[in-house]
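Q: Please take a close look at one buried histidine in this predicted model. Which helix holds the residue, what does the residue touch, and how does the rest of the structure look from there?

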Amino acid sequence: MIHKYRMNGLSIVMDVNGGSVHVIDDITYELLDHYDEYRKGNIDETEIYLRMDGHNLEDIKASLEEVNELVEEGLLYSEDTYQNLDAFKNRKPVVKAMCLNIAHDCNLKCRYCFASQGDFGGEKKLMPLEVGKKSLEYLVENSGNRRNLEVDFFGGEPLMNFDVVKDLVSYGNELGQKKNKNFRFTITTNGLLLDDKKIDYINEHMDNAVLSLDGRKNVNDDMRLTLIDSGSYDIIVPKFKKLIEKRGNKKYYIRGTFTRNSLDFSEDVKHFRDLGFVHTSMEPVVSADENPYAIREEDLPKILEEYEKLAVDYAEMKVSGDPFSFFHFIVDLTQGPCVIKRITGCGAGTEYLSITPEGDIYPCHQFVGNETYKMGNIMEKEITLPKEMQDMFKNAHVYTKEDCKDCFSKFYCSGGCHANALSFNGDISRPYKIGCEMQRKRLECAIMIEAKKMLASDDEASEETQDTQQVLFL
């Protein structure tokens, strides 16, 4: 299975199963339209020549020889053998990560909030310390041989329960020392309550910080409102700048959300760069069609155009050595996550769990409040997660999702978000179509950017871009 496309002056072909990526010339690009029939013996060189009007036979033969060599080397049309791997068929997931909904309350009232302004449709509540401790203990006890454990302090707004956050970090570190585990903590915050003490604590103790800002002032303030209906931009930007300036080389992300009202989101990403923010993300809002800001299918052409527009500018940044990064254009074509992860995805309900202030266990934070997917309570003496539900999540992967089987991005998106699939299709095995279209475009953009970087780093290659070249491979 291959996927070919053109972008930013390059003709690119991906070997979907093997992961190799090639920059090719025009004749090879056209030849690949007929190669599958050729390799199956249905047509010969002469028939290809007759179909490819305007090319001479010798050039076609030369291109065909190059493609044949790539196929023989397993770099094009490679077979998918992952489904038969013992490590996949007999995998026994362990809990590796946990989202602690430390505060079901918020000091913003963002229009698009999936968490109903922080309370997830229930009562406003802060997580007691004991619930958090039991959660960390459960994570340790069910993590098998996994040493590094991920914990995200989430909300609502976690800074509204910051004393408990600090106590849990201390407890987690003590617990980790005793059990030979290493906790890596992340906090996701809207920034309103940040002050110097909180900034210093976060920078010392949090392995990652996710900072919510939607971009330009008018875009942010249209959606991210304070409790008195004023914009939040002027309050949080100086605080985020201070946190990042003092953070050094530790990880962080400025995370935005674009809506139907801000489909020119590439300008918001550029605004992040203008503000001096290096590590950025911009996520599409996921909301029911009846909401005026919801993304609809008719918005896709503009959205895909916007990704490509941003990718062209981003490629120039990367070629020039600019450190600015955009999460959805980061793709590792030399290492990447293990093959099992690429097949199975985020691990919601099996490797990843979310805990509410009451101690209720859900497959992930986006399922919180949906009682059908409540898996138990962390405060129970004997916790036995429902096997039928865990099996359902375990078996929702790229080989069981019909929409994924022939998709070229399946080993990069791993089948998409279960929560989005459920929200729009009522079934975690039926991916959210709009999300799929965006993922495919982002992957094409990311690969084009890597190809531009590789070609620019090789002086000889930069003069030979019209030749078939294997520039990247997985």
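A: His271 counts as buried because its relative accessibility is 18%, and the limit for that class is under 20%. The model is a predicted one, and the values below are computed from it. His271 belongs to helix H10, which covers residues 266–274. Apart from neighbours within four places in sequence, His271 is in contact with Gly215, Arg216 and Tyr233.

Helix H10 also contains Ser266. At 0% relative accessibility, Ser266 counts as buried too. With neighbours within four places in sequence left aside, the contacts of Ser266 are Glu306, Lys309 and Leu310.

Tyr233, a contact of His271, leads to the loop between helix H8 (217–223) and helix H9 (233–247), where Asp229 lies. Although Asp229 is not a glycine, its phi is positive, at about 65°. A positive phi of about 55° is found at Tyr77, again not a glycine. Tyr77 is placed in the loop between helix H3 (57–72) and helix H4 (86–89). With a relative accessible area of 8%, Tyr77 is buried.

Helix H3 also holds Leu70, which is buried, with a relative accessible area of 13%. In space, Leu70 and Cys364 are 42 Å apart, C-alpha to C-alpha, and 294 residues separate them in sequence.

The nonpolar cores come next. The largest nonpolar core has 123 residues, and Phe153 and Leu213 have the most contacts inside it. Helix H16 (residues 433–456) supplies the largest share of this core, 10 residues. A second, separate core has 17 residues, among them Val13, Ile27, Leu31 and Leu70.

Phe153 has a long list of contacts. Beyond neighbours within four places in sequence, they are Leu100, Ile102, Pro158, Val165, Leu168, Val169, Phe185, Thr186, Ile187, Thr188 and Met206. Phe153 falls within strand S7 (148–154). Gly156 has its place in the loop between S7 and H6, and a cis peptide bond joins Gly155 and Gly156, with omega at about 15°.

Strand S7 is also one of the partners of helix H5. The buried residues of H5 pack against strand S4 (97–101), strand S7 (148–154), helix H6 (162–179), strand S8 (182–189) and strand S13 (352–355). Those buried residues are Val131, Gly132, Ser135, Leu136, Tyr138, Leu139 and Val140. The length of H5 can be checked against its residue count. Helix H5 (residues 129–141) has 13 residues, so at 1.5 Å a residue it should span 18 Å, and its end C-alpha atoms are indeed 18 Å apart, which agrees. The expected value is 1.5 Å times one less than the number of residues.

Tyr138 of H5 has a further role in the description, as a lining residue of the second largest pocket. About 260 Å³ of space lies in that pocket. It is lined by 13 residues, of which Pro93, Tyr138, Thr350, Leu385 and Gln390 are the closest to its centre. Helix H13 (residues 387–394) gives four residues, the largest share of this lining. By class, the lining of the second largest pocket consists of six nonpolar, four polar and three charged residues.

Closed spaces complete the picture. Rolling a probe the size of a water molecule over the atoms shows where empty space is left. Across the whole structure, the search finds two cavities of 30 Å³ or more. In the largest cavity there is about 60 Å³ of space. The residues that line the largest cavity are Asp403, Cys404, Cys407, Ser409, Lys410, Cys413, Gly415, Pro431, Cys436, Gln439 and Arg440. Helix H14 (410–413) and H16 are the elements that give two or more residues to this lining. The most comes from H16, with three residues. The lining of the largest cavity divides into five nonpolar, three polar and three charged residues. Helix H16 thus appears in two places: it gives the largest share of the largest nonpolar core, and it gives the most to the lining of the largest cavity.

How values were computed: Residues numbered from 1 in each chain as written. Predicted model: local features only at pLDDT ≥ 70, side-chain atom pairs only at ≥ 80, totals over all residues. Heavy atoms only, no water. Core = buried A, V, L, I, M, F, W, Y, C linked by side-chain atoms within 4.5 Å. Buried < 20%, exposed > 50% of the residue type's maximum accessible area, 1.4 Å probe, protein only. Contact = heavy atoms within 4.5 Å. 1 Å grid on protein atoms, 1.4 Å probe; cavity = no way out; pocket = protein on both sides within 12 Å on 5 of 7 lines; lining within 4 Å. Points joined across faces, edges and corners; volume = space filled by probe spheres on them. Nonpolar A, V, L, I, M, F, W, Y, C, P; charged D, E, K, R; others polar.
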